[in-house]
Each structure stands twice: as structure tokens, then as C-alpha cells.
Amino acid sequence: MFLTEQIPNSLTWVSSLTSSLQSPLLATTTESEYAPVVLTGVLLSLVVIYFASKLGGELSRMMDFPPVLGELVGGVVVGASALHLLVFPESGANASDSVIMNILQVINNLSPEAVTSIFQSQSEAISILAELGVIVLLFEIGLESDLRELKKVGYQAAIVACVGVAVPFAAGTAGLMLLFHTPTIPAIFAGAALTATSIGITSKVLSELGHLKSREGQIIVGAAVIDDVLGIIVLAVVASLAKTGEVDVFNVIYLIASATVFLIGSILLGKFFNKTFVTIADKLQTRGKLVIPAFIFAFFMAFIGNAIHLEAILGAFAAGLVLDETDKRKELDQQVIPIADILVPIFFVTVGARVDLGVLNPAVPENQQGLIIAIFLMVVAIIGKVVTGWSVFGQSGINRLAIGVGMIPRGEVGLVFLGIGAASGVIDKPLQAAIIIMVILTTFLAPPFLRIAFNKQPVEAQEIVEQADVTG
């Protein structure tokens with residue numbers, strides 16, 4: 001789930017204005033004469049992405065790991081850490097760092113300035129496709145979730161989310177200030193990065209393991225959604241601190257109120273929308289009579305979520321939950337799967353491609369202090385989320401370890417926190433390296449750890465399942 005829309009608008013505006021003032025003629029030329037070259041770059045990037053996702057997923061499956069882990073590793077291999085086939089300017093890469101751009105430059109005899117502009121456009125196109133991928137993923141997860149079961153664990157999920165935000169934030173901020181004498185605002189930024197949970201990665205693994213509809217899966221998904229909302233609020237707070245040194249209370253109140261009204265209102269209105277949706281689908285006679293209206297609804301909900309400064313994926317997830325209640329859910333689910341198979345791998349491969357494992361090299365002096373801080377952040381990041389499993393009460397036989405592990409991966413969300421802190425100049429390079437390492441390791445450790453946690457199902461939970469099988 002991307003939070004890039006939350007980056008201060010002023011930074012984006014200044015960047016675009018500077019680019020347009022520097023090379024207005026180049027921008028016009030690129031949009032017209034070099035448009036086919038941009039398309040060529042996007043198509044070649046998609047070839048790399050799909051090859052990496054399939055190869056990585058199959059190898060991961062052969063080793064009995066979740067395929068999503070293979071897609072992430074495949075992204076790392078083709079990305080900034082190894083082959084440089086898929087790199088992005090926002091990660092600090094230049095056009096000359098991209099193998100694909102070098103190929104296009106040779107084939108089309110392009111000037112360095114043209115290649116730079118084409119690289120920017122191509123990267124933006126892939127990033128948009130990746131965002132569409134995570135929107136479709138969350139729509140699919142919403143369809144696979146059971147709203148009735150999610151309501152049953154709603155209060156438990158809220159508790160897990162609140163603990164999962166409060167514990168790592170407090171421990172990370174206090175630890176950095178007391179143990180490493182980090183200034184207050186940088187410590188708060190790092191603590192905020194520890195609060196994130198990548199619902200896209202966790203939900204995909206749960207689905208692959210067949211535990212998405214289990215009590216643990218529903219608590220994890222519900223908590224991750226709430227955690228995402230809380231993450232936006234925390235992000236608004238730390239962004240205000242970076243810009244003004246003080247918190248905009250009215251903005252925080254607005255985010256809390258809009259998130260609550262949006263999620264609850266969507267679910268309540270869904271009861272009235274379901275019959276209308278089925279009626280429309282039955283009256284349509286052309287191809288896509290079911291899936292197209294469904295995506296119209298999903299994208300519209302995603303648009304509303306984005307427009308009110310929440311996240312598009314929250315709207316897509318809410319749309320999935322609403323349509324999960326219709327009589328055509330199973331048929332719709334089958335039609336959404338092929339679309340997800342096309343778009344979702346782009347998201348996971350690009351997440352891996354943005355990772356730069358160079359920050360793990362202790363031979364680089366500026367990485368050494370970062371590695372020490374990273375060890376502390378990793379401990380807080382893991383323990384701060386694992387303890388959330390023990391905040392669940394009144395659930396006999398629940399797999400508390402699986403719930404805690406399911407909340408561990410930070411994914412791209414943690415990198416967005418880092419990006420805002422780095423852009424504002426309040427985070428130095430050692431702390432930046434430490435946060436990157438924390439994000440990398442939590443993202444890659446969570447899938448295999450989640451599998452282990454579910455394989456070690458508590459004995460009493462196994463007995464409950466066996467009794468259910470017997471009575472069934």
C-alpha cells in the first residue's frame with residue numbers, strides 16, 4: 001500500500017515547477033516524439049517484472065515458501081540491489097543506472113537529456129501500475145473476507161492495531177533518544193516508521209496459506225486496515241512536526257473523523273447497494289457484465305478514499321467487503337482473480353526492486369552506525385508487533401503468535417515515512433540506513449515466519465478444528 005499521496009504537496013509542486021522551468025521544450029518533445037520510446041520502456045519493464053515474479057514465485061513454491069516471498073526476492077534481483085533492470089528515480093537512481101534505459105538509448109540514439117525524461121515517465125507509469133495492483137489486491141482480499149466474521153473480531157482487531165502502533169512507536173522513540181542520543185524529531189520519525197504494517201504483503205501470504213478466513217486471519221486483516229488508518233494519522237502528525245515543529249490538531253481530528261465515517265458508512269450503505277448491484281448485473285448482456293460494474297464500484301470507492309486524504313486501498317478493501325455480501329460473490333471472485341494475476345505481481349516486484357541491499361555493507365563507514373541502530377530497530381519492530389497477539393482476549397485456542405507475526409512486515413509503507421523524513425532533512429544518513437534495513441528485514445522475514453507460526457498451531461486450537469471436522 002502506497003502512501004505517496006501523503007508526501008507534502010509543496011515538495012511535489014516545487015519539484016514539478018523546477019523541472020518545467022528547466023526544460024519546457026524537452027518536456028514537450030518527450031510527450032510527443034518520444035512517447036513510443038516511453039511505451040517501449042514500459043513494455044520491456046513489464047517483461048522483466050513478469051519473468052521475475054513467475055521465476056521467483058515458482059522457486060519459492062518449490063522450497064515450500066509463500067510465492068509472494070519469491071516475487072519480492074525476484075524484485076530485489078532485477079532491481080537496485082543486483083541487475084539494475086528495474087530502478088526508480090525516487091530511490092536515488094539515475095537514467096544511466098537503468099539497464100533498460102541504456103538499451104533504449106543505444107537502439108534509438110537518444111541524448112542523455114531525453115533518456116532522463118523518458119526514464120522519469122517510464123518509472124511513473126510502472127509506479128501507477130503497481131498502485132493499481134495493490135488496489136486490485138485489496139479489492140480481492142475484501143471479496144475473500146467474510147464481513148460477518150470480520151465484525152465478530154472487530155473490537156479485537158482494533159485493540160491489536162492500537163497496541164501495534166503504540167508499543168513500537170513509544171519503544172522506538174524512547175530507545176533512540178535514551179540509548180543513541182538521537183534528537184527528538186528524528187527519533188519521532190523513526191518511531192513512526194515502526195508503526196506501519198503492509199497489509200498487501202500480509203494479506204497475500206494469509207490467502208496463499210489458506211488462513212485468510214480463519215479467526216487469526218480476520219483479526220490480522222482487520223487490524224492491518226485499522227493500523228493503516230492510524231498510520232495515516234501518525235504520518236500527518238510527524239509531517240507537521242517536520243514542517244512547522246508543531247502538530248496541526250485540526251488536521252489530525254479531520255483524519256480520524258473522516259476515516260471512521262468512511263469505513264463504517266461504506267459498510268452500512270453496502271446493504272442497500274448489494275441489491276442494486278445484482279439487478280444491474282442481471283440486466284446487462286455484454287461481456288464483463290459482472291466484473292466491470294464491480295470495478296467501477298471499487299475504483300469509485302478508491303477515488304473517494306484518496307480524495308478525502310485517506311488511502312485508495314482502504315476504499316478498494318471496503319468495496320470488496322460490500323460486494324462480498326452479494327449472491328454473486330463466488331462468480332465475481334473467479335472473474336477478479338485473472339485481473340489480479342496480471343496487476344498484483346507488479347506491486348510486489350516493484351517493492352523488492354526499490355530495496356537497496358547496499359545499506360547492509362559494513363565496509364561503508366556511514367553504514368556502520370546505521371547497522372547498530374538497525375539492530376535496535378529490528379528488535380523493537382519485531383517485538384512491538386508480536387506482543388499484539390497477546391492483546392487478544394476472550395478467544396480460546398487462538399494462535400496469538402501468528403497474529404503478532406502477521407503484523408510485522410513494514411513494506412513500502414515504512415519507506416514512505418523514511419522518504420518524508422529524508423526530504424525534510426531531519427533524518428541523517430545512519431538513521432536512514434537503519435530504517436531501510438528494518439523495512440527490508442521485516443518485509444522478508446514475515447512470510448516464512450508466518451508460515452512457521454501457523455504450522456505450530458496451538459494444541460487446543462488443533463483440537464477445536466478436529467472437533468469441528470468430526471461434528472461436520
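This is a chat about the confidence, the hollow spaces and the aromatic rings of a predicted model.

User: Hey, I'm new to this one. What's the mean pLDDT of the chain?

Analyst: The model is predicted, and the chain has a mean pLDDT of 79. Of its residues, 82% reach 70 or more.

User: And where does pLDDT stay under 50?

Analyst: One such stretch is residues 1–28, and another is residues 458–472.

User: How many contacts beyond four places in sequence does the model have for each?

Analyst: For residues 1–28 there are 42. For residues 458–472 there are 7.

User: OK, new topic. How many cavities of 30 Å³ or more does the structure hold?

Analyst: There are 2 of them. The second largest has a volume of about 30 Å³.

User: Which residues line that second largest cavity?

Analyst: Its lining is made up of Ser45, Leu85, Leu86, Val87, Phe88, Ser98, Phe119, Gln122 and Ser123. Helix H6, which runs over residues 112–144, gives the largest share with 3 residues.

User: How do they divide into nonpolar, polar and charged?

Analyst: You get 5 nonpolar and 4 polar residues, with no charged ones.

User: Phe88 is on that list. What lies over the face of its ring?

Analyst: That's arginine 354, at 4.0 Å from the ring centre of phenylalanine 88.

User: Now pockets. How much space lies in the second largest one?

Analyst: About 520 Å³. It's lined by 21 residues, and the closest to its centre are Gly154, Gly222, Val225, Ile226 and Leu263.

User: Which elements give two or more residues to that lining?

Analyst: Five helices, to list them: H7 (147–152), H8 (154–179), H11 (215–244), H12 (249–283) and H14 (312–323).

User: And what's the split by residue type in this pocket?

Analyst: The lining of the second largest pocket has 17 nonpolar residues, 3 polar and 1 charged.

User: Last thing, aromatics. How many aromatic pairs does the structure hold?

Analyst: It holds 5.

User: Which residues form an aromatic cluster?

Analyst: Phe139, Phe295 and Phe299 form one.

Notes. Residues are numbered from 1 along each chain as its sequence is written. This is a predicted model: local features need pLDDT of at least 70, side-chain atom pairs count only at pLDDT 80 or more; totals for chains, interfaces and linings use all residues. Side-chain values use heavy atoms; hydrogens and water are left out. On a 1 Å grid over the protein atoms alone, a cavity is a set of points where a 1.4 Å probe fits but cannot get out, and a pocket is an open set with protein on both sides within 12 Å along at least five of seven lines; lining residues have an atom within 4 Å of a point. Grid points are joined across faces, edges and corners, and a volume is the space filled by probe spheres set on the points. Helices (H or I, at least four residues) and strands (E, at least two) are DSSP runs, numbered from the N terminus. Ala, Val, Leu, Ile, Met, Phe, Trp, Tyr, Cys and Pro count as nonpolar, Asp, Glu, Lys and Arg as charged, and the others, Gly among them, as polar. Rings of Phe, Tyr and Trp (its six-membered ring) pair if their centres lie within 6.5 Å; planes under 30 degrees apart count as stacked, over 60 as edge-to-face and the rest as tilted. A charge sits over a ring if NZ of Lys or CZ of Arg is within 6 Å of the ring centre and within 35 degrees of the ring normal. pLDDT is the predictor's confidence in each residue, from 0 to 100. Contact means heavy atoms within 4.5 Å.
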